[in-house]
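Me: I'm new to reading protein models and I'd like a close look at one part of this one. Could you walk me through it slowly, in plain words?

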Amino acid sequence: MKIDGKQIANEILNDLKLKRQSYKEKIKLKIITFKDDIANTSYIKIKKNFAEQLNIQCSIHYLDDNKSSKELRKEINKICKEKYVKGAIIQLPIPKHLNKNILINAIPDKLDIDCLTYKNLGRFYQGKENIMPPTVSALDYLIKKYDLKLDNVLLIGQGELIGKPIAQYLINNHIKFININHKIENIDILCEMADTIITGVGAPNLIKFNSIKENSIIFDYGCTKYQEIICGDCEINKDFENKCSFFTPVPNGLGPIVVAKLFENLLRGASSK
């Protein structure tokens with residue numbers, strides 16, 4: 001079964017519209033980024049569109065990566081102090097020569113709807129979270145919506161947004177898994193052994209039709225441009241989709257749902273302040 005992420009996101013959106021109506025004040029969302037790449041442009045466009053439908057003012061702020069991390073931290077602080085700002089995110093990746101931790105933690109915890117600051121991420125890892133990272137929340141939502149039973153999971157990726165928080169989610173829920181990076185040599189063999197695959201490394205055609213089990217459950221968070229199309233980590237063909245009992249395509253799979261969960265965090269925070 002291939003899900004329709006746009007349709008699912010719209011279902012969440014309809015619930016959020018009701019919550020938005022009960023909150024009478026203006027709401028502003030700040031998206032802070034450095035450059036236009038295919039993944040950034042795609043996700044920012046989805047976020048702006050989602051914000052418009054919820055009567056939330058969403059503005060994009062491009063930072064100059066020639067400045068120092070301390071200078072940029074001051075700029076982020078200033079952006080976050082603007083009146084009616086209820087959420088702020090830094091669109092990753094951050095240029096490698098800058099201090100990622102300084103920039104991310106320049107966002108006040110109460111505005112950190114991506115759940116990336118030390119305090120919010122720490123609460124999540126301790127199981128005491130007020131909000132979950134949207135990537136994790138989207139996974140949790142689909143598991144519960146479709147009553148999926150995850151077992152013998154192969155988690156591909158060890159990054160800050162997907163691999164690490166999802167690994168913690170699996171630990172918290174006592175789900176058996178192996179976590180690898182995409183450069184491991186025997187990845188095809190590991191895919192053949194897995195009942196569930198969760199991947200998000202941006203490596204087109206990493207997971208192939210011949211390397212997955214019949215009735216596999218596959219969550220594809222990958223997003224990259226390959227031969228002029230946006231695709232995930234899985235091979236693109238109907239046979240691949242039909243071989244899965246559950247599959248999130250790219251595009252229109254997890255991406256819109258992650259964005260919906262981001263705005264769920266935003267409205268939850270706004271209504272509690």
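Which residue lies over the face of Phe209? Please start there, then take me through the aromatic rings and the buried residues around them.

Reply: Happy to. Keep in mind that this is a predicted model. The residue you're after is Lys243: Lys243 lies over the face of Phe209, at 4.3 Å from the ring centre. There's another lysine to look at in this way, since Lys145 lies over the face of Tyr146, at 5.7 Å from the ring centre.

Tyr146 is a handy way into the aromatic rings, as Tyr146, Phe219 and Phe246 form one aromatic cluster. If you search the whole structure, you find five aromatic pairs. One of them is made by Phe124 and Tyr125, and this pair is tilted, with 5.4 Å centre to centre and 55° between the planes. Phe124 is buried, at a relative accessible area of 2%, while Tyr125 is partly exposed, at 30%. Another tilted pair sits within the cluster I just mentioned: Phe219 and Phe246 are 5.3 Å apart, centre to centre, with 50° between their planes. This pair links distant parts of the chain. Phe219 belongs to strand β7 (residues 216–220) and Phe246 to strand β10 (residues 244–247), and the two are 27 residues apart. How much of each can be reached from outside? Phe219 has a relative accessible area of 0%, so it counts as buried. Phe246, with 1%, is buried too.

Now stay with Phe219 and look at what surrounds it. The largest nonpolar core has 53 residues, and Phe219 is among those with the most contacts inside it, along with Ile198 and Phe263. Helix α10 (residues 254–271) gives the most to this core, with ten residues. Ile198 gives you a good feel for the neighbourhood. Leaving out residues up to four places away in sequence, Ile198 touches Leu139, Leu150, Val153, Leu154, Leu155, Ile156, Ile166, Leu170, Phe219 and Tyr221. Apart from this core lies another, of 19 residues, including Leu72, Cys80, Ile94 and Leu116.

Next, try Thr199, which has its place in strand β6 (residues 196–199). Thr199 counts as buried because its relative accessibility is 0%. Setting aside neighbours within four places in sequence, Thr199 is in contact with Ile156, Leu206, Ile207, Phe219, Asp220, Tyr221, Gly222 and Asp233. So Phe219 turns up once more, this time as a contact of a threonine that is buried at 0% relative accessibility. With Asp233 there's also a polar contact: the side chains of Thr199 and Asp233 are joined at 2.7 Å.

Asp220 was on that list of contacts, and it lies in strand β7. You might wonder whether an aspartate here is buried or exposed. Asp220 is buried, since its relative accessible area is 2%. Its side chain reaches the backbone nitrogen of Cys234 at 3.1 Å. Not counting residues up to four places away in sequence, Asp220 touches Thr199, Gly232, Asp233, Cys234, Thr248, Val250 and Leu254. To see how the chain comes back on itself here, check Gly200: the C-alpha atoms of Asp220 and Gly200 are separated by 6.1 Å, with their positions 20 residues apart along the chain.

For another buried polar residue, go to Asn120 in helix α5 (residues 118–125). Asn120 counts as buried because its relative accessibility is 8%. A polar contact of 2.9 Å joins its side chain to that of Asp112. Asp112 is also one of the residues that Asn120 touches, together with Asp109 and Cys115, when residues up to four places away in sequence are left out.

Last, a word on the cysteines. A disulfide is a covalent bond between the sulfur atoms of two cysteines. How many does the structure hold? Zero. Take Cys58, which is in no disulfide: the nearest cysteine sulfur, that of Cys80, is 13 Å away. Seen from the other side, Cys80 has its closest cysteine sulfur in Cys58, and the 13 Å between them is too far for a bond. Cys58 counts as buried, with 15% relative accessibility, and Cys80 does as well, with 7%. You've already met Cys80 as one of the residues in the core of 19.

Notes:
Residues are numbered from 1 along each chain as its sequence is written. This is a predicted model: local features need pLDDT of at least 70, side-chain atom pairs count only at pLDDT 80 or more; totals for chains, interfaces and linings use all residues. Side-chain values use heavy atoms; hydrogens and water are left out. A disulfide is a pair of cysteine sulfur atoms within 2.5 Å. Buried means under 20% relative accessible area, exposed over 50%, partly exposed in between (1.4 Å probe, protein chains only). Rings of Phe, Tyr and Trp (its six-membered ring) pair if their centres lie within 6.5 Å; planes under 30 degrees apart count as stacked, over 60 as edge-to-face and the rest as tilted. Helices (H or I, at least four residues) and strands (E, at least two) are DSSP runs, numbered from the N terminus. A charge sits over a ring if NZ of Lys or CZ of Arg is within 6 Å of the ring centre and within 35 degrees of the ring normal. A polar contact is a pair of N or O atoms within 3.5 Å; within protein, one must be able to donate a hydrogen and the other to accept it, and residues adjacent in sequence count only if both atoms are side-chain atoms. Contact means heavy atoms within 4.5 Å. A nonpolar core is a set of buried Ala, Val, Leu, Ile, Met, Phe, Trp, Tyr and Cys residues joined through side-chain atoms within 4.5 Å.
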